[in-house]
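Subject: Structure handed over, with notes

Dear colleague,

Here is the structure I said I would pass on to you, together with its sequence. Please open it alongside this message, since the notes below are meant to be read with the model in view.

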Amino acid sequence: MATGTTAPASLSELQSSYDALTARGLKLDLTRGKPSLAQLDLSGALLDLPLSVEHTAADGTDVRNYGGSDGLPEMRAIFGDLLGIPVEQLLALGNASLNVMHDVIVHALLHGVPGTAGSDKTIPWRDEQIAFLCPSPGYDRHFAITEHLGIRMIPLPYLDGGRLDLVAIAEHLKDPSVRGMWLVPLYANPGGQIVTVEEAQALVSLPAAPDFRIFWDNAYAVHHLTSDEKPAIDVLGLAAAAGTPDRPLVFASTSKITQAGAGVSFFGASPANIAWYRLHASVQTIGPDKVNQLRHARFLESADGVRAHMRKHRELLAPKFATVERILAERLTGHATWTTPLGGYFVTLTAPHGTATRAVELAKAAGIAVTPAGAAFPYSEDPDDALIRIAPSFPSLDDLEAAIDGLCSCVLLAEADAAEK
Ligand code: PLP
């Protein structure tokens, strides 16, 4: 239970409550946005579906055999509805969208992407030192891909209120080496930001290199924490209307809908990009796991089936986010600020500048694992050393309370330590 107070405490008081915390021998984990066991159980029936008897998809495909590299039409239809993408522009693929993002970048590096509208010229990205815009804080695994593949990353701080800095983006896009931009349009990891239709409109309209691509990772498209279930922005439609149909590449998956890492991923794009992807993917694989796709189609049934299923996730997740909010307010008001996300999987805590690394170290030593400080920034460099990412989904409510309360003690001790120096 949260026991703290916002009244100032001395360094020695904070140190002794921290010593008491470490003496408890906790072993708690707030590192990754993983569904809890109760969330996974919501999809337990996936594993019981009798596909040994019924293994034919709606178009007559026997899912046990090779082929069907676009994925099952029924899965494409369900997620086309949810993502606002015509079925012919949406592929249902393998078990993880991150894998698709990685491969798309590798294909672009090796072969280039379709060029300016009206031209089929492609220039491999590896022919020059290209760069990606990285709204920050952002998803550490996005940044890991670009760093690993030798792509320069340009941090792009969000403005107050979570708005994208369109002026800075326009300025960066004048540099033709900028070929990509990471973006989580709804409930961003980890800051919870939500891209508006006006921002999306600007992003597809700004002058940029003809082969500039927005990696529109709609990982949290249906992961609402409130009853305000925002529809997906039709970014492909906006881009087509703006004359830049090839600019957005849309990614999504069922990882946090059914089973994390054992679901179905999606890739949506313009007809030219889809043809391009098919060409390269056809060399890489004979097709995705259609057995798993059929299982998902039978289990989820329809877009409304997914929406109803996600409300069950919300019932499990919302109390956890409320608990985090309550304890942070009790313990850290006046010391730190934090987000109150409307969806997605994370809360970000902004500790006093220069203290996040120390607070995370203290937490680790007390048995509370949080994502390493800095991880949400390109090259793991948080310019303020202030941001701590909290992933409340996995632990039980009791464990979560203990972990957040303990983390608050670490933030306060790190702050007091820094003030002494
Ligand atoms: N994209 C974002 C923004 C995420 O937060 C995550 C997981 O945390 C993923 C992608 C991973 O998706 P997948 O399991 O489909 O690879």
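What follows is a description of what was found in the model, taken topic by topic.

Before anything else, please keep in mind that this is a predicted model. The mean pLDDT of the chain is 94, and 96% of its residues reach 70 or more. The exception I would point out is the stretch of residues 1–6, where pLDDT stays under 50, although the model has 17 contacts beyond four places in sequence for these residues. Where pLDDT is low, the predicted coordinates should not be read in detail.

The ligand site

Which residues surround the ligand? The shell consists of Ala96, Ser97, Leu98, Tyr139, Val184, Asn189, Asp217, Ala219, Tyr220, Ser253, Ser255 and Lys256, and by character it divides into six nonpolar, four polar and two charged residues. Three of these side chains have a polar atom placed at a short listed distance from a ligand oxygen: for Ser253 the distance is 2.7 Å, for Ser255 it is 2.6 Å, and for Lys256 an N or O atom of the side chain is 2.7 Å from an oxygen atom of the ligand. Taken alone, the ligand exposes 400 Å², and the protein buries 89% of that area.

Backbone features

Two cis peptide bonds deserve a look when you inspect the backbone, one joining Ser136 and Pro137, with omega about 5°, and another joining Asn189 and Pro190, also with omega about 5°. Pro137 sits in the loop between β3 (131–136) and α5 (140–148), while Pro190 belongs to the loop between β5 (178–183) and α7 (197–205). Asn189, which takes part in the second of these bonds, is also one of the residues around the ligand.

The loop between β5 and α7 also holds Tyr187, whose phi is near 55°, a positive value in a residue other than glycine. Glu301, in the loop between α10 (290–300) and α11 (303–332), likewise has a positive phi, near 70°. Most residues other than glycine have a negative phi, and most peptide bonds are trans, so these places may be worth viewing one by one. Are these two residues, Tyr187 and Glu301, buried or exposed? Tyr187 counts as buried because its relative accessible area is 1%, which is under the 20% cut-off, whereas Glu301 counts as exposed because its relative accessibility of 65% is over 50%.

Gln39 and Tyr345

Gln39 lies in helix α2, which covers residues 37–41, and Tyr345 lies in the loop between β9 (337–338) and β10 (347–350). Their side chains are joined by a polar contact of 2.9 Å. Both partners are buried, Gln39 with a relative accessible area of 1% and Tyr345 with a relative accessibility of 2%. Leaving aside neighbours within four places in sequence, Gln39 is in contact with His313, Leu316, Leu317 and Ser393 as well as with Tyr345. As a further point of reference for Tyr345, its C-alpha atom is separated by 9.6 Å from that of Gly191, although the two residues are 154 residues apart along the chain.

Two buried leucines

Leu328 has its place in helix α11 and is buried, with a relative accessible area of 0%. Not counting residues up to four places away in sequence, Leu328 touches Thr333, Trp338, Val347, Leu349, Ile390, Ile404 and Cys408. Its C-alpha atom is 19 Å from that of Leu26, and the two residues are 302 residues apart in sequence.

Leu412 belongs to helix α13, residues 397–420, and also counts as buried, at 7% relative accessibility. Beyond its neighbours within four places in sequence, Leu412 is in contact with Leu14, Arg331, Leu332 and His335. Between the C-alpha atoms of Leu412 and Val370, which are 42 residues apart along the chain, the separation is 16 Å.

With best regards

Note on methods
Residues are numbered from 1 along each chain as its sequence is written. This is a predicted model: local features need pLDDT of at least 70, side-chain atom pairs count only at pLDDT 80 or more; totals for chains, interfaces and linings use all residues. Side-chain values use heavy atoms; hydrogens and water are left out. Helices (H or I, at least four residues) and strands (E, at least two) are DSSP runs, numbered from the N terminus. Buried means under 20% relative accessible area, exposed over 50%, partly exposed in between (1.4 Å probe, protein chains only). A polar contact is a pair of N or O atoms within 3.5 Å; within protein, one must be able to donate a hydrogen and the other to accept it, and residues adjacent in sequence count only if both atoms are side-chain atoms. Contact means heavy atoms within 4.5 Å. pLDDT is the predictor's confidence in each residue, from 0 to 100. A residue is near a molecule or strand if one of its heavy atoms lies within 4 Å of it. Accessible areas come from the Shrake-Rupley method with a 1.4 Å probe; for residues, only the protein chains shown count as cover. Ala, Val, Leu, Ile, Met, Phe, Trp, Tyr, Cys and Pro count as nonpolar, Asp, Glu, Lys and Arg as charged, and the others, Gly among them, as polar.
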